[in-house]
Amino acid sequence: AEDGIRDLVRSRGLGDVYKRQSAHVGQTEFEAGVGGGQKMKAAGGKKALCVNHEVGNVALDRRCAGFKKGFGGSVDILGTSNDPTEIQKAVAAKLGGGYDTILTLGAGLSGEAALKALESAGKVGSVRLGTFDMSPNMLKAAAAGKVEFLIDQQQYLQGYLPIAIFGQYM
């Protein structure tokens, strides 16, 4: 799709527009994290864990930093890999540390793994879980009351709106 857009831009003589960023379509990660932290604090959270499955990824790091600010209490960052089994084991190992709140940064990966850890430990409900993004399993878990919230960026609009904005330059 990007090649098609690039070809269209060149054919219309809009090369300078293509090189210049005029808008960002998506959430601001830090602010979204702040909102998640405030929600968990309002739900009664005192000690939180932010599960970051890709430490060094600026967007994910900003989500945790925002969460820490919005939560206002004790927040530890749990760095993991992208392996769901490792994430589940890492979260399970932390459950004895007095955490009453967990935020994950990707529903289908770290969210589902954290939920499995909570289910295995019998801590669903006593430890609050929130996540960024959505997956079918996490949507079902939220509907069942196992997950406090899912923060969604509206992927359809993230794909559609840039094209609509770009069309304004045509």
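**Exercise 1.** In this predicted model, work out which parts of the chain the salt bridge between Glu-119 and Lys-146 ties together.

*Solution.*
Step 1: Start with the distance. The closest N and O atoms of Glu-119 and Lys-146 are 3.2 Å apart, and the cut-off for a salt bridge is within 4 Å, so the pair qualifies.
Step 2: Place both partners. Glu-119 sits in helix H6 (residues 107-121), while Lys-146 is in the loop between H7 and strand S5 (149-151). The bridge therefore ties together parts that are 27 residues apart in sequence.

**Exercise 2.** Are Glu-119 and Lys-146 buried, partly exposed or exposed?

*Solution.*
Step 1: Grab the cut-offs: buried is under 20% relative accessible area, exposed is over 50%, and partly exposed falls in between.
Step 2: Glu-119 has a relative accessible area of 39%, which makes this residue partly exposed.
Step 3: Lys-146 comes in at 34%, so Lys-146 is partly exposed too.

**Exercise 3.** Find the salt-bridge partners of Arg-63 and say where they lie.

*Solution.*
Step 1: Look at Glu-29. Its salt bridge with Arg-63 has the closest N and O atoms 2.7 Å apart. Arg-63 belongs to helix H4 (residues 58-71) and Glu-29 to helix H3 (residues 29-42), so this pair connects parts 34 residues apart in sequence.
Step 2: Now try Asp-133. Here the side chains of Arg-63 and Asp-133 meet in a salt bridge at 3.7 Å, N to O. Asp-133 is in the loop between strand S4 (128-132) and helix H7 (136-143), and the pair links parts of the chain 70 residues apart.
Step 3: Check burial. Arg-63 is at 4% relative accessibility, so Arg-63 is buried. Glu-29, with 14%, is buried as well, and Asp-133 is also buried.

**Exercise 4.** How many salt bridges are there in total, and which residues join into one network?

*Solution.*
Step 1: The count comes to 3 salt bridges.
Step 2: Look for shared partners. Arg-63 pairs with Glu-29 and with Asp-133. That puts Glu-29, Arg-63 and Asp-133 in one network.

**Exercise 5.** Put the bridges in the setting of the whole chain.

*Solution.*
Step 1: Tally the elements: the chain has 8 helices and 5 strands. Along the sequence they run α-α-α-β-α-β-α-β-α-β-α-β-α.
Step 2: Turn to burial. The chain has 170 residues, and 39% of them count as buried.
Step 3: Finish with contacts. Take those between residues at least 6 apart in sequence: 72% join residues at least 24 apart.

Note on methods:
Residues are numbered from 1 along each chain as its sequence is written. This is a predicted model: local features need pLDDT of at least 70, side-chain atom pairs count only at pLDDT 80 or more; totals for chains, interfaces and linings use all residues. Side-chain values use heavy atoms; hydrogens and water are left out. Helices (H or I, at least four residues) and strands (E, at least two) are DSSP runs, numbered from the N terminus. Buried means under 20% relative accessible area, exposed over 50%, partly exposed in between (1.4 Å probe, protein chains only). Contact means heavy atoms within 4.5 Å.
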